[in-house]
Each structure stands twice: as structure tokens, then as C-alpha cells.
Amino acid sequence: MDGISLLTITVLAVFVGFEVVSKVSSTLHTPLMSGANAIHGIILVGAIIVAGQAHEPLVLAVALLAVVLATANLVGGFVVTDRMLEMFRGRKRTVSADKQREDAR
Amino acid sequence: MTLLSPVWTALLYLASAVCFILALKGLNSPRTARQGNLVGAFGAVIAVVAVFLSVHLENIPWIVGAIAVGSAVAAPVARRVKMTQMPQLVALFNGVGGGAAALVALLELTHSEDGWVRVAVVFTLLVGAVSFAGSAITFAKLQELMTTRPVVFPGLPIVMTLVLLAAVGTGAGVVLSGSQALAVGLMLLGLVAGVLLVLPVGGADVPIVISLLNAFTGLAVAASGLVLGNVLLVVAGTLVGASGTILTRAMAAAMGRSVAGILFGAFKGGSTAGSTAVSERPVRSSSAEDVAVLLGYAQRVIIVPGYGLAVAQGQHTAAELAEALEERGVDVDFAIHPVAGRMPGHMNVLLAEANVPYESLKEMGEINSEFKTADVALVVGANDVVNPAAKTTAGSPIYGMPILEVSQARQVVFLKRSMRPGFAGIENDLMYEPQTTLLFGDAKDSLTKVLGAVKGL
């Protein structure tokens with residue numbers, strides 16, 4: 001892809017990025033940070049490409065390290081965000097929480 | 001052999017990018033946040049499948065193995081981490097992402113002949129390394145492997161300037177020569193710069209730095225996309241870079257600070273470095289039974305939870321206390337300061353985990369006008385976020401930070417472990433006011449006693 005197209009895409013992505021988070025309530029700042037954190041784990045795609053072109057053992061080793069790190073970022077990021085968000089449930093109660101209250105009485 | 005034509009690949013990358021945008025969009029509202037995150041994960045799966053099908057890859061068994069190792073390490077940790085330790089985990093994941101971007105750029109340098117591509121390589125190397133090292137230090141600070149206070153030594157600004165100048169010089173060398181040895185040197189300089197950048201940041205400012213480093217990693221990923229000519233990396237990285245920047249500013253604004261002030265404040269000595277001295281001034285302390293009477297016969301109680309509640313794992317007890325009071329007809333709300341806990345919104349997550357209904361969690365702007373109608377403000381393990389010094393004492397490290405106006409409530413009850421000052425290390429004059437009562441002890445123990453006493457009323 002030529003430079004100008006990439007520049008166009010980059011600039012448009014900046015605006016989308018600004019726009020999409022500009023009105024978030026502070027309640028969701030932590031999950032949002034964590035979700036954005038997971039998204040940059042997509043560097044995994046780059047790591048896979050580099051590892052797939054490696055011919056020397058040293059290059060392959062470094063590339064595989066990048067794959068491991070990127071996967072940790074991607075998978076861990078989405079899982080931890082999901083765990084945080086699992087907890088925003090509104091007024092419904094879980095069985096275990098009700099049980100805890102029974103026990104407490 | 002490749003199964004997908006470039007057009008199909010481009011379409012799959014587009015679908016993946018759309019998923020990421022929808023994910024960030026979904027995270028704007030509590031109702032759609034969880035689906036949003038899942039859409040994001042789906043987008044990532046599409047992208048990974050697309051790369052396997054569209055690029056001629058060697059070493060596929062190795063790559064699949066490495067992905068399996070990364071998942072096997074990260075997923076269980078993310079599943080099991082305590083919610084109080086989540087900020088440092090996010091810092092860790094962010095750091096490894098930055099490290100991965102730097103390594104990708106390092107290896108891709110041999111394939112880049114074009115000067116501008118090499119500039120992108122240099123940017124990725126440097127920013128990725130800064131993010132990696134900076135995140136490692138924030139992790140160590142939040143995990144309390146090292147002091148949470150700012151670490152400053154004389155000459156730090158000079159050292160930092162020298163490192164950055166050396167990095168610029170080395171970067172120029174890399175662009176001109178394409179030397180991988182110089183690139184490794186640049187990466188090492190980036191690591192040093194990352195450490196130096198975060199060391200002087202302390203206390204409540206650490207989470208803002210995580211967010212900033214998150215944006216950095218995004219930018220590094222975007223630059224690596226330019227290096228590889230991969231549109232998806234450019235779009236996803238830029239999205240994170242842009243949204244991370246906005247988020248960082250929003251967090252800093254919630255604390256009444258500027259991002260530059262946080263990063264460079266300690267260089268001038270005006271950061272959140274405080275004292276741990278214990279004051280000798282008299283305070284009014286009281287028993288759990290007295291507090292229970294105050295709460296049980298009030299009409300309106302506002303609970304202000306802080307990090308102390310979270311470390312004591314007292315969220316569940318706080319939720320039960322709120323419920324017991326509501327059963328008695330008391331109107332109970334939770335007032336959440338934007339930076340309560342260790343990250344903005346962290347306290348909401350902790351309370352949501354304890355099944356406090358989302359509707360009872362009130363944001364600062366919403367609840368501040370209601371303190372004057374409250375009979376009791378119950379401050380549990382919070383200190384800095386209710387400290388009037390933020391409004392009145394111009395020299396105070398937290399001066400300018402918006403606070404919860406608990407002093408306007410008729411009675412203020414502090415549940416505190418000791419008279420030690422809070423995270424920012426500043427004394428709180430509110431504790432010596434006549435309307436203030438203190439109940440000393442671990443937040444969870446105190447809450448349990450108060451809860452028992454309320455039930456016995």
C-alpha cells in the first residue's frame with residue numbers, strides 16, 4: 001500500500017479513536033483502558049509474520065519470543081477485561097451472593 | 001501456499017478493525033461493555049486466522065506452539081488475579097505488548113531499505129522499549145516490590161536528557177546504516193529511558209502512567225504496521241494510541257493534574273511525595289456500636305469507599321451493610337471518586353464484584369451536591385479523595401484535585417486502620433473536625449462489627 005493511503009487511514013483512525021472514547025464515564029475508565037490494552041495485542045499478527053519469515057535460529061527464537069509476549073497481551077488483555085465487566089450486572093443477584101447473605105444471618 | 005487472495009485478506013482485516021472500533025464503542029456503556037469486549041476478541045481471532053491463511057509462513061508448528069505457551073501463561077493468570085491486583089496485571093500485559101512490538105521492529109529492520117520505513121522501525125523500537133521498561137517499573141510499584149513513592153536522584157533530568165539525546169543519535173544511525181547492532185543499542189537506551197520516565201512518578205499518579213504507556217504501546221504497534229505494511233496494525237495501533245491519549249487526559253483531569261505535571265513534577269520536587277509521620281493531634285474515636293446507632297437511625301447515608309476497603313477485601317461486607325441499612329429504611333448510596341482505588345473506575349469494579357447494584361454507585365459530580373442532605377458520610381479506607389487540603393492548601397501535593405465533599409454531611413465517620421496519612425502522604429484536617437468520628441481497625445473487621453451492631457439494633 002502506498003504512503004498516502006496509509007497516512008489517510010492513520011489520520012482517520014486517530015479521529016475515530018478520539019471520538020469513540022470522548023464521552024466515557026469514569027466508571028468505565030479501567031475496563032476501557034484494559035480493553036484498549038488488549039487490542040494492541042494484535043501486534044501478534046506482526047510477530048507471526050516475522051516468525052514465519054525467519055530462517056536463522058536466532059531470528060526465529062527472538063520472533064517466537066515476540067509471539068509469546070504478544071499472545072500474552074492479547075489473550076490476557078481480553079480475559080481480564082471480561083472478568084472486570086462480568087461484574088457489572090445491575091440489580092440482579094447471583095445465587096452464591098444470596099447464599100453468603102443467608103450464611104451471614 | 002496461501003489460501004486467501006489479497007482482496008479477501010484486506011476484507012478480513014477490515015472486518016477485524018471494525019470489530020475493534022465496536023469494542024471500544026461498546027465499552028462506553030455498562031450495558032454493552034461486555035459484548036463489546038467479546039466483539040474485540042472476535043476481531044482478534046479473525047485477524048490471526050487471516051494472517052495464517054494469507055501469508056506464506058514457515059515454522060508454523062513453532063508459531064502455534066508459541067501462541068499456545070502465551071495463552072497458557074496469560075489466560076489462567078488473568079482468570080485468577082485478585083481484583084485488587086488487576087491494575088498491575090494490566091500494566092504487565094501492556095508492557096509485554098510493547099516489548100513484542102520492539103522485537104518485531106528489530107527483526108524487520110533487515111528487510112527495510114526505505115528511509116521512512118526505517119524511521120518507523122526506530123520509533124517502534126524506542127517507544128516499545130520505553131513502554132516495556134516503564135510498565136515493568138509500574139508493575140513493581142503497584143505490586144509493592146519497590147517503593148510506591150517517587151524515586152528521584154540529583155541529576156536525573158540531566159541523565160534523562162543525555163539518554164534521549166543518545167537515543168536520537170543512535171536512531172539517526174539506524175536510519176542511515178540499517179545496522180542491527182545499533183538497533184539493539186537503541187532498544188537498550190529505550191529501556192533505560194522507560195525506567196527513568198516512571199521512577200519519579202509515585203503514589204496516585206502511577207495509574208495515569210499505565211494509561212499513558214498503554215497509548216505508547218498503541219503508537220508503537222501502529223508504527224510497526226507501517227514497517228510491515230499491515231493496515232490492520234496501523235488502524236488498531238492508532239485507535240489505541242488516540243483513545244489512550246484521551247483516556248490519560250481524562251484520568252489526569254479527574255485528579256486535577258496535567259500529564260506533563262505528573263511526568264515532570266517530581267523533577268522539580270513538587271510531586272505527590274508526602275510524609276508518613278503520625279500526627280499527635282487529638283481525634284474523637286468511637287466504638288462500632290456507636291457508629292451502628294449513627295447509621296441505623298439516619299435517613300440518608302453516603303458510603304465513600306477507598307482503596308483501604310479493597311485491600312481489606314471488605315467490599316462484600318460493605319455491600320451487606322448497605323443492604324442491612326436499606327432494610328431499615330435508610331437511603332444508602334456509594335460515592336465513587338474517579339480515582340478511588342488504584343485506577344480510575346477501579347472501585348466500581350470492586351463494588352460491582354460485591355454485587356452492589358450499579359444504580360447505587362454515584363459518580364462524584366452527581367453525588368457532591370447531595371452530601372449536605374446526608375446524615376452520615378461513612379468513609380471506609382479512603383483519605384486523599386476526601387481531603388479538603390485539595391481545595392484549601394495551595395502548597396499541598398493534591399491541591400486542585402476535585403474531592404468528595406464529605407465535610408458537608410452532618411456527621412462524618414472514618415473507618416481507618418491508623419492515623420497514618422493516605423497514599424499521597426498528606427494529613428487530612430477533616431479528621432480533627434468536631435463532626436468527625438473515627439473507628440480504628442482493619443476496614444473489613446470494623447465493617448463486620450458495625451454490620452453486626454446494626455442488625456442488633
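How many residues of chain A are in contact with chain B, and how many residues of chain B are in contact with chain A? In this predicted model, 81 residues of chain A touch 96 residues of chain B. Let's walk through that meeting of the two chains, beginning with how far the predictor trusts it.

For the complex, the predictor reports an ipTM of 0.85 and a pTM of 0.79. Chain A has an average pLDDT of 83, and 82% of its residues score at least 70. Within chain A, confidence depends on where you look: helix H3 (residues 43-52) has the highest mean pLDDT among the elements, at 96, while helix H5 (residues 95-104) has the lowest, at 45. Please read the region around H5(A) with care, as pLDDT stays under 50 over residues 90-105 of chain A. For that stretch the model has eleven contacts beyond four places in sequence.

Chain B averages a pLDDT of 86, with 93% of the residues at 70 or above. Here too there is a stretch to treat with caution: over residues 268-277 of chain B the pLDDT is below 50, although the model gives this stretch 27 contacts beyond near neighbours in sequence.

Now back to the interface. Which elements of chain A give two or more residues to the side that touches chain B? They are helix H1 (3-21), helix H2 (29-39), H3, helix H4 (57-86) and H5 of chain A. H4(A) gives the most, with 27 residues. Sorted by class, this side of chain A has 50 nonpolar, 23 polar and eight charged residues.

Two helix pairs show how the chains meet. Start with H2(A) and helix H1 (residues 6-26) of chain B, whose axes lie 10 Å apart and pack at an angle of about 170°. Since angles over 145 degrees count as roughly antiparallel, that is how H2(A) lies against H1(B). The residues that meet are A:Gly35, A:Ala36 and A:Ile39 from H2(A) and B:Phe20, B:Ala23 and B:Leu24 from H1(B). Five residues of this contact are nonpolar, one is polar and none is charged.

The other pair brings in H4(A), which meets helix H2 (residues 33-54) of chain B; their axes come within 9 Å and cross at roughly 165°. H4(A) and H2(B) are therefore roughly antiparallel as well, and their crossing is left-handed. On the H4(A) side you will find A:Leu74, A:Phe78, A:Thr81, A:Asp82, A:Leu85 and A:Glu86, facing B:Ala33, B:Arg34, B:Asn37, B:Gly40, B:Ala41 and B:Ala44 of H2(B). This contact has six nonpolar, three polar and three charged residues.

Finally, turn to chain B on its own. It is divided into domain 1 (81-268) and domain 2 (288-455), and the C-alpha centres of these two domains of chain B lie 36 Å apart. One helix pair to look at in chain B is helix H13 (residues 315-327) with helix H17 (residues 443-455), packed at about 20° with axes 9 Å apart. That angle makes H13(B) roughly parallel to H17(B), and the crossing of the two is left-handed. Among the residues making the contact are B:Leu321, B:Ala324 and B:Leu325 of H13(B), together with B:Leu447, B:Val450 and B:Leu451 of H17(B). By class, the contact of H13(B) with H17(B) has eight nonpolar, two polar and three charged residues.

Technical notes: Residues are numbered from 1 along each chain as its sequence is written. Chains are lettered from A and ligands numbered from 1 in the order in which they are written. This is a predicted model: local features need pLDDT of at least 70, side-chain atom pairs count only at pLDDT 80 or more; totals for chains, interfaces and linings use all residues. Domain bounds come from an automatic or database domain assignment. pLDDT is the predictor's confidence in each residue, from 0 to 100. Two residues are in contact if their C-beta atoms, placed from the backbone, lie within 7 Å. Helices (H or I, at least four residues) and strands (E, at least two) are DSSP runs, numbered from the N terminus. Axes are lines fitted to C-alpha atoms, for helices over the stretch in contact, and angles run from 0 to 180 degrees between N-to-C directions. Angles under 35 degrees count as roughly parallel, over 145 as roughly antiparallel, 65 to 115 as roughly perpendicular and the rest as oblique. A crossing is left-handed if the near helix is turned anticlockwise from the far one by less than a right angle, and right-handed if clockwise. Ala, Val, Leu, Ile, Met, Phe, Trp, Tyr, Cys and Pro count as nonpolar, Asp, Glu, Lys and Arg as charged, and the others, Gly among them, as polar.
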